[in-house]
Amino acid sequence: QFSYTFAHTEATPFLLIGDTQWSLASDALAWPNEFQTYVDARAQQGFNYVQGRAFSIAPSGNDRNEGGPAFFVNNVDSLNPAYWQALDQRIAYLNAKGLVVGLALGWPGETWPLFSTKEQIERYLAYMVNRYAAFNLVWITSGEYEKGAPLTGHAFVGEWLKANDPYSHLSTTHTLDTSADDFGNANWHTMIYQQSNDAARIATDRRFNKPVVNSGFGFEGRQTADELRKDIWQIVLRGGFFVYGNTLTSNYDAVLTLENLSSKGASYVTYLKDFWTNNGRHEIVWPRFTKFEDLGNSRWLAGAPGVAYVIYSEPREAFQITLNEGKSKLEGDWFETRAGKWRTHISGITTAAITLSPPNGGCVAYFTVKK
């Protein structure tokens, strides 16, 4: 019924809060100390999803892990079991800490070109499914797919996974723009991935009736933490999900100190997660939100008409909205997204227009409707 959202198999809603760690399989994130420090920090901060690569061939340190290289001398006919055994324990640790893994199976111009026959690709896919399908993961058929395709094409990989994965994991394709351009309607393509600094693309890609994830809207370090904060709220208020990234923690040259992991942007992610996932103040029924509206002037609205609304305002100035709820009572509170704190109470009766007065810039209101 709610095709734009995620849920566990037992129907518990899953608000995807993602991080980028392209070195999760490699010595660039050394096992166990550095890897476990990273995972423990992200789990404590409220992240529940990490996107990474199954294997890389460059640069030094990112082309192997404690078990050695994925394939000896980069020959896909000479698989190294020790590499994959090491990846087993890494994925198991992520899952044990509550993080789903988005696993990119190949990369154009690097790892996919190692496979020169259809048989090699099918054997690799069979190995990955047999080895990893029991884990909690999402298949990412390729990174930045527009740069090039495996010998069989991208759709072949997705269709093969759909036909052979006994657990029917979600499957998508990492992109330079949006994977909906080529695969939006494909049955194997069960979630839309984007890499776009235009959050409005969320609304555009919801036309496929699938969850939409912006997996690369901007990296902390290339944009300020405050710019990132505004972006993640806009993405969610437009009905999407996001994957965070930090230039200091996300790649082969990362420095995984607690200081870098505890950046201001990561704190803003935690505040957002606390707001949306029932932190004891309000039980927000976000999976049932069907109304998403750009109010202009860096303000956005999302809600379940007749039930509840969330309204974000970057400016502090008072503003008016019209909800078409008739004469109803509103009850709720303001939340300050920079501080992660609930602030002033909202109470009133709806009329033709409602005046809302944020207590500060970058605040979000949650209120319920009582007829």
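In this predicted model, Gly 18 sits across from Val 243 of β10. That pairing belongs to a parallel arrangement in which strand β3 (residues 17-20) is joined to strand β10 (residues 241-244) by 3 bridges. Zooming out, β3 and β10 are part of an open sheet of 8 strands, ordered β7-β6-β5-β4-β3-β10-β9-β8 and paired in parallel. At its edges are β7 (171-172) and β8 (192-194), each of which pairs on one side only. Helix α9 (residues 264-276) packs on this sheet and touches both β3 and β10, with its direction making about 155° with that of β10.

Strand β10 also turns up in the aromatic contacts. The model holds 35 aromatic pairs by the criterion used here. One of them brings together Phe 47 and Tyr 244: the ring centres are 5.7 Å apart and the planes meet at 45°, so the pair counts as tilted. In sequence terms this is a link between distant parts of the chain, with 197 residues separating Phe 47, in the loop between α1 and β4 (49-53), from Tyr 244 in strand β10.

On to the helices. Helix α1 (residues 33-45) packs with helix α2 (residues 81-96) at an angle of about 25°, and their axes are 10 Å apart. Since angles under 35 degrees count as roughly parallel, α1 is roughly parallel to α2. Their crossing is right-handed. On the α1 side, the residues involved are Phe 35, Gln 36, Val 39 and Asp 40, and they meet Arg 90, Tyr 93 and Leu 94 of α2. Sorted by class, this contact has 4 nonpolar, 1 polar and 2 charged residues.

Helix α2 has a second packing partner in helix α3 (residues 118-132), this time at an angle of about 40° and with axes 11 Å apart. That angle makes α2 oblique to α3. The crossing of α2 and α3 is right-handed. From α2, the contact draws on Pro 81, Trp 84, Gln 85, Leu 87, Asp 88 and Ile 91, while α3 brings in Tyr 124, Tyr 127, Met 128, Arg 131 and Tyr 132. The class breakdown for α2 with α3 is 8 nonpolar, 1 polar and 2 charged residues.

Further along the chain there is another open sheet, with 6 strands in the order β11-β12-β13-β18-β15-β16 and antiparallel pairing. Its edges are β11 (291-294) and β16; each has a single partner strand, so one side of each lacks a neighbour in the sheet. Ignoring direction, neighbouring strands here are turned by 15° against each other on average.

Two pairings within this antiparallel sheet can be picked out. Strand β13 (residues 308-313) runs antiparallel to strand β18 (residues 363-370), with 6 bridges joining them, and Tyr 312 faces Val 364 in β18. Strand β15 (residues 329-336) pairs with strand β16 (residues 341-349) over 7 bridges, again in the antiparallel sense. Here Glu 336 stands opposite Lys 341 of β16. The hairpin formed by β15 and β16 has 4 residues between the strands, and Gly 340 adopts a positive phi near 70° there.

Definitions and conventions
Residues numbered from 1 in each chain as written. Predicted model: local features only at pLDDT ≥ 70, side-chain atom pairs only at ≥ 80, totals over all residues. Heavy atoms only, no water. Pairing = 2+ DSSP bridges. Contact = heavy atoms within 4.5 Å. Axes fitted to C-alpha atoms, helices over the stretch in contact; angles between N-to-C directions. Parallel < 35°, antiparallel > 145°, perpendicular 65-115°, else oblique. Left-handed = near helix turned anticlockwise from the far one by under 90°. Nonpolar A, V, L, I, M, F, W, Y, C, P; charged D, E, K, R; others polar. Phe/Tyr/Trp six-rings, centres within 6.5 Å; stacked < 30°, edge-to-face > 60°.
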